[in-house]
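Here are some notes on the model you sent round. They cover the internal cavities first and then two places on the outside.

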Amino acid sequence: MHTIKASPTKQNSVINTTAGILILLFPAFLVALPDGGAGILILLVLVSIVGLIKNRGVVPLHPDERYFLYAVGLFLLVYAFNIWFFGVKISAFDNPSRFLLLLPVFFYLRKIKLNLNYLIFSLFLGTLSCIVFAIYQKYFLDIPRAHGVSGVVTFALISVTLAMMSLSVAMLSSSKWLKSLMLLSFFFGVSASIMSGTRGAWLALPVGVFVLLLINPLNWKKQSRIILSLISICVLGAAYFLPFVQMRIDTAISGFMDYFSNDDFVPTSVGWRLELWRGAAIAIFENPVLGIGEGKENFRQTMQHLADAGSVTPTLATSMPHVHNEFISATLHRGILGLFTLLLIFFLPLVTFIKSIKTASGDKKILMLMGVMLTTSCATTALSDAFFHTHALSIFYVTFIYVIYTQIHSRNSQRIQ
């Protein structure tokens with residue numbers, strides 16, 4: 001009796017399809033199930049390792065891939081050195097380690113050319129999960145602010161980023177039905193973000209639209225860009241008159257004014273952030289090179305020291321676990337090098353994609369514009385929260401940036417289909 005073995009080509013096809021399906025499901029599982037995104041990524045890592053074992057051929061790194069991996073390596077090196085130098089618990093390396101743990105996925109995906117539909121429809125499934133959760137929590141459970149399973153801020157940031165990436169596909173797709181589907185996906189993501197009431201996430205909308213008009217991927221004429229700019233301003237301005245949006249914006253303005261007009265600290269959301277940033281600025285000035293060291297304990301000790309000196313409100317050290325701004329946080333904890341490596345992680349891909357998008361076409365152009373929206377949205381939302389201190393946001397960014405980088409350059413050469 002003879003055993004029929006699957007051919008290497010068929011085996012490769014099964015592995016590639018499995019990887020594509022896992023990428024397709026990742027955003028929806030990340031939004032809808034506790035640890036669902038992590039579970040999908042564990043499977044994706046295992047599939048990638050099998051794929052690498054099966055396909056041992058060497059595919060040279062593109063210079064853009066090399067530079068990005070150098071940036072990732074430097075980011076992790078500075079993080080690791082800081083943890084060692086300050087004697088911080090290794091758990092502080094947990095979220096940044098996603099860049100390292102997902103490298104098998106990066107090196108496997110760069111050997112293959114996935115069907116772009118896996119990535120495109122992952123955006124739709126993700127925003128669909130966002131809007132279903134938002135409607136259910138806000139209108140059926142009467143929860144004031146939709147928060148998914150990962151918390152209100154994380155939920156909002158993922159929703160709006162998926163929305164902006166969907167918009168990039170809608171702009172460049174030649175298929176009318178796909179344009180319509182991606183515009184619907186954009187509407188789902190934006191609506192879910194609005195229902196979360198997270199103002200920091202809303203900033204990604206005007207910033208994203210401005211970047212789109214600036215890089216002009218469709219080569220609109222100057223007159224068209226001016227008209228579209230005016231329309232965008234009117235639409236974004238009209239959103240203010242939505243009662244929930246108006247209430248959240250007015251509360252932010254009131255909190256800002258209260259912080260600067262009152263002698264006593266007023267504990268509003270905006271007030272806490274401004275007080276945190278002021279305290280962080282003082283600490284950064286005192287520790288500009290190496291920072292104060294990673295970890296919540298170093299943060300609390302530093303804030304307590306500032307509170308004892310009368311520089312910040314006394315309750316700051318016990319009320320807040322981190323600085324609600326990734327750029328300030330990186331500088332505070334890891335010094336100037338920490339800020340520099342963080343800027344590389346966000347802006348090296350952004351500059352690379354913008355620089356190449358004018359000469360790109362087809363799938364590559366769609367991927368590059370998705371990458372622009374991903375990095376722009378994540379960098380903008382990182383202004384109001386500690387981005388890489390959050391598990392869901394860390395794996396969200398790392399997964400998508402790895403997929404986009406590898407699939408852009410899979411379009412340059414023959415890869416396994």
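How do the residues of the lining of the second largest cavity divide into nonpolar, polar and charged?

1. That lining has 4 nonpolar residues, 3 polar and 1 charged. Bear in mind throughout that this is a predicted model.

2. The residues in question are Asp64, Thr352, Phe353, Ser356, Met368, Tyr405, Ile408 and His409. Asp64 is the charged member of this lining. The space they enclose has a volume of about 40 Å³. Two elements give two or more residues each to this lining, namely helix H16 (326-357) and H18.

3. On the count of cavities, the structure holds 2 of 30 Å³ or more. The largest contains about 60 Å³ of space. Its lining is made up of 10 residues, and those closest to the centre are Leu114, Asn115, Leu119, Val403 and Gln407.

4. For the largest cavity, the elements that supply two or more lining residues are helix H6 (116-140) and helix H18 (391-410). H6 gives the largest share, with 3 residues. Helix H18 is therefore worth following when you look at both sites, because it is listed for the largest cavity and again for the second largest, a helix here being a DSSP run of at least four residues.

5. By residue class, the lining of the largest cavity splits into 7 nonpolar, 2 polar and 1 charged. Set beside this, the second largest cavity has 4 nonpolar, 3 polar and 1 charged.

6. Helix H16, which was named above for the second largest cavity, also carries Lys355. Is Lys355 buried or exposed? Its relative accessibility is 65%, so Lys355 counts as exposed, the cut-off for that class being over 50%. In the sequence, Lys355 sits 140 residues away from Ile215, yet the C-alpha atoms of the two are separated by 9.2 Å.

7. The other outside feature is a nonpolar surface patch of about 460 Å². Which residues make this patch? They are Ile42, Leu43, Leu46, Ile49 and Ile53. One of them, Leu43, belongs to helix H2, which covers residues 36-54. Leu43 has a relative accessibility of 45% and so counts as partly exposed, since that class lies between 20% and 50%.

Methods. Residues are numbered from 1 along each chain as its sequence is written. This is a predicted model: local features need pLDDT of at least 70, side-chain atom pairs count only at pLDDT 80 or more; totals for chains, interfaces and linings use all residues. Side-chain values use heavy atoms; hydrogens and water are left out. On a 1 Å grid over the protein atoms alone, a cavity is a set of points where a 1.4 Å probe fits but cannot get out, and a pocket is an open set with protein on both sides within 12 Å along at least five of seven lines; lining residues have an atom within 4 Å of a point. Grid points are joined across faces, edges and corners, and a volume is the space filled by probe spheres set on the points. Buried means under 20% relative accessible area, exposed over 50%, partly exposed in between (1.4 Å probe, protein chains only). Patches are made of residues with over 30% relative accessible area and no salt bridge: like charges are joined within 9 Å, nonpolar side chains (Val, Leu, Ile, Met, Phe, Trp, Tyr) within 5 Å. Accessible areas come from the Shrake-Rupley method with a 1.4 Å probe; for residues, only the protein chains shown count as cover. A salt bridge is a side-chain nitrogen of Lys or Arg within 4 Å of a carboxyl oxygen of Asp or Glu.
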